[in-house]
Amino acid sequence: NSMLSWQRTAFHFQPEENWMNDPNGPLYYNGWYHFFYQYNPRAAVWGNIVWGHAVSTDLIHWLHLPLALVPDQWYDINGVWTGSATILPDGRIMMLYTGSTKEHVQVQNLAYPANLSDPLLIDWVKFSGNPVLVPPPGIDFRDFRDPTTAWFTSEGKWRIAIGSKVNRTGISLVYDTEDFKHFQLLDNLLCAVAGTGMWECLDFFPVSKDGKIGLDTSVNGPDVKHVVKTSLDDDRHDYYSLGTYDEKTATWVPDNPKIDVGIGLRYDYGLFYASKSFFDHKKGRRVLWGWIGEADSEYADVQKGWASLQGIPRTVLFDNKTGTNLLQWPVEEIENLRQRSHAFHNLVIHPGSVVPLEVGSSTQLDIFAEFELDKEAVAKAIETNVEFSCQRRGGAAIRGALGPFGLLVLADETLSEHTPVYFYVAKGQNGTLKTFFCTDESRSSEANDVYKPIYGSSVPVLEGEKFSLRILVDHSVVESFAQGGRTCITSRVYPTKAIYGAARLFVFNNAKDTNITASLTIWQMNPAFIRPYHPGGDHD
Ligand code: FRU
């Protein structure tokens with residue numbers, strides 16, 4: 001449908017058509033990044049799930065390859081669901097995935113590349129002894145899915161986690177294996193949190209306390225913290241928590257029980273789910289993929305013939321400045337798409353003003369911005385609104401002493417459509433400042449079959465830091481990162497006017513009592529090459 005074709009993105013990973021959901025089995029092998037994903041080859045809605053497959057040398061430009069795994073066995077005939085890759089020291093690749101059996105039982109299966117000397121890993125073989133795991137006693141047959149990448153134990157075994165639930169308690173089962181064919185269920189759970197419901201798409205990985213390097217999944221020791229991430233089926237968000245892993249007991253405890261798995265921090269406060277990380281041996285970094293769904297109607301998805309994107313892969317590091325959170329940042333390769341830039345230095349934006357930034361068409365942008373408040377205004381401000389929440393009615397239209405301020409992306413000339421991405425600074429009675437980072441979609445589109453929430457959360461801003469913001473704008477997706485990636489928000493927006501050449505960019509200050517000084521660099525972005533692969537040349 002050409003009417004909606006502008007919603008296609010220019011540099012986000014998408015199949016040519018139809019439905020996509022979770023990232024699966026990401027890995028780096030022999031010069032290529034491999035990406036697999038939950039895919040419906042027949043329609044733009046969930047169903048008939050297979051593994052799509054694509055390869056890249058830089059995580060940005062992709063070649064679509066033939067489907068890697070399709071439902072053709074009794075143990076996955078109702079769907080080849082989410083799974084993860086483990087690369088063994090000898091170079092073999094073990095792919096564990098969930099199959100939905102002919103009886104709709106969730107089981108775990110093993111697959112591996114048919115030919116390890118093919119760098120594209122086009123053909124996959126399913127192990128003849130599948131399934132390798134069935135739901136253990138006490139676990140419902142519908143609540144046993146999404147095996148993690150395995151990590152090595154000091155006993156010389158591999159260990160994996162699988163999400164489940166018991167009543168309303170989300171849990172992580174743990175298994176040890178030597179060969180990926182026979183598994184032993186451990187007595188302890190890795191962790192469990194009451195009231196969180198089914199845990200989908202668990203992820204478990206170490207982060208370096210130095211905040212500098214990414215770590216392979218098996219790394220452990222005193223210089224390491226461990227992250228547990230769960231995707232909550234009930235509330236459709238990805239939650240993570242930092243903590244300590246005890247290898248002997250196969251258990252993990254959060255640093256702070258108040259921000260335990262599923263009740264504390266989110267990777268992203270917008271639309272971002274079922275994410276999965278992998279260790280990139282090429283660059284020594286941990287890279288995170290996340291599924292970005294649609295916020296329009298299923299009817300619109302069927303009309304346009306596709307649904308969902310993947311987020312730009314993010315490097316993940318421990319934030320050693322705060323010690324309480326991760327930092328997520330678009331992989332550096334995205335910067336190779338930058339074209340000419342426009343820079344604005346120390347623009348003074350007065351209270352209640354909206355200033356256009358003349359950067360040309362604004363549908364494909366990479367934006368970096370820094371803001372400072374007027375110091376005197378901050379000192380004078382009398383505000384007790386630390387109860388602020390991004391989600392309160394009115395969003396970016398409600399004015400406080402020290403906010404909101406930020407950017408209006410995907411705006412049309414008259415601002416009948418616009419999406420504010422902004423900070424709001426609240427001042428407590430004792431004079432302390434608390435900063436929130438939000439995206440307000442309520443005026444993002446004149447279409448009425450679209451979900452237009454206000455997203456956001458607090459973000460740590462340390463002494464001496466400016467307010468800083470990175471935004472990737474790509475037609476119908478806006479990915480925003482505050483303070484170097486401490487708090488992230490991904491939005492799907494569906495403007496009807498602010499499209500192609502009509503899309504504009506503005507900086508705004510809706511605070512009542514302070515000037516804002518803004519410095520910005522804005523790059524137009526080239527499209528990425530994301531195309532079908534034609535072996536032996538293109539003969540069309
Ligand atoms: C998460 C999920 C997984 C499952 C897959 C099926 O979005 O529900 O738990 O394996 O999608 O497509």
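A disulfide here is a pair of cysteine sulfur atoms within 2.5 Å. Keep that cut-off handy for the first views of this predicted model.

**View 1. Cysteine 390 and cysteine 438 are joined by a disulfide.**
The two sulfurs sit 2.2 Å apart, and the count for the structure comes to 1 disulfide. In general, a disulfide is a covalent bond between the sulfur atoms of two cysteines. Look at the twist: the angle about the S-S bond is -70°, making this link left-handed. Cysteine 390 belongs to the loop between helix H2 (375-380) and strand E28 (402-411), while cysteine 438 belongs to strand E30 (residues 433-440), so the bond ties together parts 48 residues apart in sequence. Both cysteine 390 and cysteine 438 are buried.

**View 2. Cysteine 201 is in no disulfide.**
For cysteine 201, the nearest cysteine sulfur belongs to cysteine 191 and is 15 Å away. Cysteine 201 is buried, with a relative accessibility of 1%. Now hop over to cysteine 488: the closest cysteine sulfur to its own is in cysteine 390, 13 Å off, which is too far for a bond. Cysteine 488 is buried too, at 0% relative accessible area.

**View 3. Three side chains reach oxygen atoms of the ligand.**
Aspartate 22 has a side-chain N or O atom 2.7 Å from a ligand oxygen. For tryptophan 46 the distance to a ligand oxygen is 3.0 Å, and for a polar side-chain atom of glutamate 200 it is 2.8 Å. On its own the ligand would expose 320 Å², and the protein buries 93% of that. Strands E1 (18-29), E5 (80-87) and E14 (199-208) each give two or more residues to the shell around the ligand. Other residues to spot around the ligand include Gln38, Arg145 and Tyr273. Sorted by class, the shell has 5 nonpolar, 3 polar and 4 charged residues.

**View 4. Strand E32 (residues 467-474) is mostly covered.**
How many of the residues of E32 are buried? The tally is 8 of 8. In a regular strand, side chains alternate between the two faces of the sheet. On one side of E32 you'll find Phe467, Leu469, Ile471 and Val473, on the other Ser468, Arg470, Leu472 and Asp474, and all are buried.

**View 5. E32 pairs with strands E27 and E33.**
Strand E27 (residues 364-373) runs antiparallel to E32, joined by 8 bridges; phenylalanine 368, for instance, partners arginine 470. E33 (residues 477-482) is also antiparallel to E32, with 6 bridges, and here valine 473 partners valine 478. E32 and E33 make a hairpin with 2 residues between them, and histidine 475 in the turn has a positive phi of about 65°.

Note on methods. Residues numbered from 1 in each chain as written. Predicted model: local features only at pLDDT ≥ 70, side-chain atom pairs only at ≥ 80, totals over all residues. Heavy atoms only, no water. Near = heavy atom within 4 Å. Polar contact = N/O pair within 3.5 Å; in protein donor to acceptor, adjacent residues only side chain to side chain. Areas by Shrake-Rupley, 256 points an atom, 1.4 Å probe, with all protein chains shown as cover. Helix = DSSP H or I, 4+ residues; strand = E, 2+ residues; numbered from the N terminus. Nonpolar A, V, L, I, M, F, W, Y, C, P; charged D, E, K, R; others polar. Buried < 20%, exposed > 50% of the residue type's maximum accessible area, 1.4 Å probe, protein only. Pairing = 2+ DSSP bridges.
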